Amino acid sequence: MEQLKKYRRNGLIIAFLIFALDQVMKLFIVHSIGLRGKGQIELLPFFNLTWAENYGVSMGMLTASSDFQRWALVALTAIIALAVAVWMWKETAKWDIVALSMVLGGAAGNIVDRAMYGYVVDFLDLHINGFRPFLIFNVADACISIGVAILLIRALFFAKKEDDVQAADS
């Protein structure tokens, strides 16, 4: 049981670190380099910093076009983040706790953006010539996507959770 508490505590620490990294990166992008005014900075032939304001949720869906919709999205995503936190706290598999902490930290970062600015700040732009395998994204989006991918892979390909902490503690 102590091991499980440790993993859950570490999950909260990971979520906080992801949240903090996301917010520091966005502060740097918004205030230090002023990407909004510049629009785009080419760093590598396949990677730019590109200013994008995401008024929706995943891939621009559920776009908020009014203050009411903005705050409804803040509330909806906060409820989802709370559900992820509860799930993480009840989870017994350490890698699922890690994955959920990534989702939680990323969600918190994007919720703060939407509450502060009315949109989520996106700026990471991977591309190959004109082809963009991803939309413009941020650290929070990347962590959410990786966390969800881990959960899906584990659910689809690992029927038995080999790293179940409760089973290991018994």
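Me: In which order do the 3 strands of the open sheet stand?

Reply: Happy to help! Strands of a sheet pair through backbone hydrogen bonds, either parallel or antiparallel. In this predicted model, the order is S1-S2-S3, and the pairing is antiparallel.

Me: Which strands stand at the edges?

Reply: Those are S1, residues 40–44, and S3, residues 120–126. Each has a single partner strand, so one side of each is left without a neighbour in the sheet. On average, neighbouring strands here are turned by 30 degrees against each other, direction ignored.

Me: How many bridges hold S1 and S2 as a pair?

Reply: There are 4 bridges, in the antiparallel sense. To see one of them, find Gln-40 and look across to its bridge partner in S2, Thr-50. A hairpin of 2 residues leads from S1 to S2.

Me: And how many bridges join S2 to S3?

Reply: Strand S2 covers residues 47–54, and 6 bridges join it to S3, again with an antiparallel run. A good place to look is Ala-52, which stands opposite Asp-122 in S3.

Me: What should I keep in mind about the side chains along a strand?

Reply: In a regular strand they alternate between the two faces of the sheet. For S2, burial is also worth checking: counting residues under 20% relative accessible area as buried, 7 of its 8 residues are buried, so S2 is largely enclosed by the rest of the structure.

Me: Which helix lies across S2 and S3?

Reply: That is helix H4, residues 94–117, and it runs at about 125 degrees to S3.

Note on methods
Residues are numbered from 1 along each chain as its sequence is written. This is a predicted model: local features need pLDDT of at least 70, side-chain atom pairs count only at pLDDT 80 or more; totals for chains, interfaces and linings use all residues. Side-chain values use heavy atoms; hydrogens and water are left out. Two strands pair if DSSP finds at least two bridges between them. Axes are lines fitted to C-alpha atoms, for helices over the stretch in contact, and angles run from 0 to 180 degrees between N-to-C directions. Contact means heavy atoms within 4.5 Å. Buried means under 20% relative accessible area, exposed over 50%, partly exposed in between (1.4 Å probe, protein chains only).
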